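Trainee: Before we discuss packing and backbone geometry, could you put the sequence and the model on the screen, so that I can follow each answer on the structure itself?

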Amino acid sequence: EFRRVLFRSKTLWPSDTFVDFDRGLNKAVNKIREALGDSADNPRFVETLPRRGYRFVAPLDAGTGSTQVAVVMTPVPGVAPNQREPVVVGHPQPASLLRWPLLVAAVLALLLIAGAVVWFFERQPTSLEGLEQQRLTWNSTEIPVSSGAISPDGKYVAYSDPQGIHLKLLKTAEVRTLPWPPGAPPNASWKVASWFPDSTQLLTNVIQSDGRSSIWVVSVVGENPWHIRDDAMAQAVSPDGLSIAFTAGPPFYDREIWTMGIWETTARKVAAAAANESLPGNVQWSPDGGRIAFRQLRLMPDDRWEASARTINPNGGEMTVVISDPQLETFLWLPGGRFVYSRSDQIDKIECPFRSNNYSNLWELAVDTRTGTLLGKPKKITQWAGFLVSVLSSSADGKRLRSEEHTSELQSLRHL
């Protein structure tokens, strides 16, 4: 009986390196189909087996008959490669026909591995060391910037101050002010929470003088603002633009994390704080939308605060701790599993996490976007002094970062 075993393995890379092998494999197969003029919908050469892998299905003639060769990649979560069930490649055939399936299987396997390796080295995220700062706003201390976010396409920065929300085109420095939502009280503040993936809409919060918050979507191309929800604080838009994450629990909206579809009225609770805990914003989606990351503060018995960055599947599942550090300020989950966070450099931050008389620097580490588990060790990537980085956002490709600092202005951090 003719059998060949071909396993999907990630042992090519160190244990502290995260590789999105599935994506690399899929890209390699797409390249093969493109070269062969094949189609995933009507395959003549390579057929997709859902959640299993791929199979070569073209008939092979060797003068006396034909056969089919199956090359199946079978990942089994939690099972080591040497413990997985073997996959049959081909069927019993006469000896004169065995050479063709062997050759095709070998070529296909080499193409898959080569494509995955090439994709890995092309797309492996590089370190963010060597960030260059560029000042984005010039607000005085009388009208300080209160929120901001860089657009996914990297062309705009939206920021708010007591006068409203402003949109700045980074290429020309042109600034225009967006119209306020209808019915907003004159003494309310309007803050930016997140951009939508298409860079044409913003998720925002209108906060009244008594602290009550409502969520609005505002277009940057002239459409009227759209009311989403009352008594909630918007946090982030999912990567596909179809869902939002928000916090609830007045007066500070730091008790619960919820998600809801942008076109829906019902919401799903994702996480809740205990009596000695707080969830002070900084809620984000993972780059693939499969998990939600958030910052948690916990008051310890000795009256010291413990800060941590945690992740959870919005549809339920086990919570993971990415990092626990009393000096953790804020974080950003970038494409490729990069996790950048701001860490206070002064020890008195441990005693009170709400003080702003500290300065901070940026660190990075790798996180598995599917499981939320930590990969490798944190590495410091900046050597700054004189300001505290409290909020981070980035363009969709992760090459341009935006920081909000306690100096009444915004900074753009470009990865060169």
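Trainee: Is tryptophan 190 buried or exposed, and what is its relative accessible area?

Mentor: Keep in mind that this is a predicted model, so the answer describes computed coordinates. The limit for calling a residue buried is under 20% relative accessible area. Tryptophan 190 falls in the buried class, since its relative accessible area is 1%.

Trainee: Which geometry do the rings of tryptophan 180 and tryptophan 190 adopt?

Mentor: A pair of aromatic rings is described by the distance of the centres and the angle of the planes. Here tryptophan 180 lies in the loop between β9 (174-177) and β10, whereas tryptophan 190 belongs to strand β10, 10 residues apart. Tryptophan 180 is partly exposed, at 30% relative accessibility. The ring centres are 5.4 Å apart and the planes stand at 35 degrees, so the class of the pair is tilted.

Trainee: Which class describes the aromatic pair of phenylalanine 331 and phenylalanine 339?

Mentor: Both partners are buried, as phenylalanine 331 has 0% relative accessibility and phenylalanine 339 has a relative accessible area of 0%. Phe331 and Phe339 also form one aromatic cluster with Trp333. With 5.1 Å from centre to centre and 20 degrees between the planes, the pair is stacked.

Trainee: Which residues touch the most other members of the largest nonpolar core?

Mentor: In soluble globular proteins, nonpolar side chains tend to be buried together. The largest nonpolar core in this model has 15 residues, and the strands that each supply at least two of them are β20 (292-299), β21 (305-312), β22 (320-324), β23 (328-333), β24 (338-344) and β25 (360-367). The members that touch the most others are Ala309, Val322, Ile323, Phe339, Tyr341 and Leu365.

Trainee: Which residues does valine 322 touch, not counting residues up to four places away in sequence?

Mentor: Val322 is one of the core members that touch the most others, which makes its surroundings a useful case to list. Leaving out residues up to four places away in sequence, the contacts of valine 322 are Ala309, Arg310, Thr311, Phe339, Leu365, Val367, Gly372 and Leu374.

Trainee: How many residues make up the second, separate core?

Mentor: Among the members of this second core are Ala158, Val192, Trp216 and Val220. This core is separate, and its number of residues is 14.

Trainee: What is the order of strands in the open sheet of 4 strands?

Mentor: The edge strands, each pairing on one side only, are β10 (189-195) and β13 (226-230). Neighbouring strands are turned by 25 degrees against each other on average, direction ignored. The pairing is antiparallel, and the order is β10-β11-β12-β13.

Trainee: Which residue in β13 is the bridge partner of isoleucine 215?

Mentor: Strand β12 (residues 213-219) runs antiparallel to β13, and 4 bridges join the two. For isoleucine 215, the bridge partner in β13 is arginine 229.

Trainee: How far is glycine 222 from proline 179 in space, C-alpha to C-alpha?

Mentor: Glycine 222 sits in the loop between β12 and β13, and this glycine is exposed, with a relative accessible area of 65%. Glycine 222 and proline 179 are 43 residues apart in sequence, while their C-alpha to C-alpha distance is 8.7 Å.

Trainee: What phi value does alanine 173 take in the hairpin of β8 and β9?

Mentor: Strand β8 (residues 164-169) pairs with β9 in the antiparallel sense over 4 bridges, and leucine 167 has arginine 176 in β9 as its bridge partner. The hairpin has 4 residues between the strands, and alanine 173, in the loop between β8 and β9, is partly exposed at 44% relative accessibility. Its phi is a positive value in a residue other than glycine, near 70 degrees.

Trainee: Where is aspartate 231 placed, and what is its phi?

Mentor: Aspartate 231 is in the loop between β13 and β14 (233-237). Aspartate 231 is partly exposed, with a relative accessible area of 45%. The phi of aspartate 231 is again positive in a residue other than glycine, near 50 degrees.

Trainee: What is the omega of the peptide bond from proline 250 to proline 251?

Mentor: Proline 251 is found in the loop between β15 (243-248) and β16 (256-261). The peptide bond from proline 250 to proline 251 is cis, with omega near 10 degrees.

Note on methods. Residues numbered from 1 in each chain as written. Predicted model: local features only at pLDDT ≥ 70, side-chain atom pairs only at ≥ 80, totals over all residues. Heavy atoms only, no water. Core = buried A, V, L, I, M, F, W, Y, C linked by side-chain atoms within 4.5 Å. Buried < 20%, exposed > 50% of the residue type's maximum accessible area, 1.4 Å probe, protein only. Contact = heavy atoms within 4.5 Å. Pairing = 2+ DSSP bridges. Axes fitted to C-alpha atoms, helices over the stretch in contact; angles between N-to-C directions. Phe/Tyr/Trp six-rings, centres within 6.5 Å; stacked < 30°, edge-to-face > 60°.
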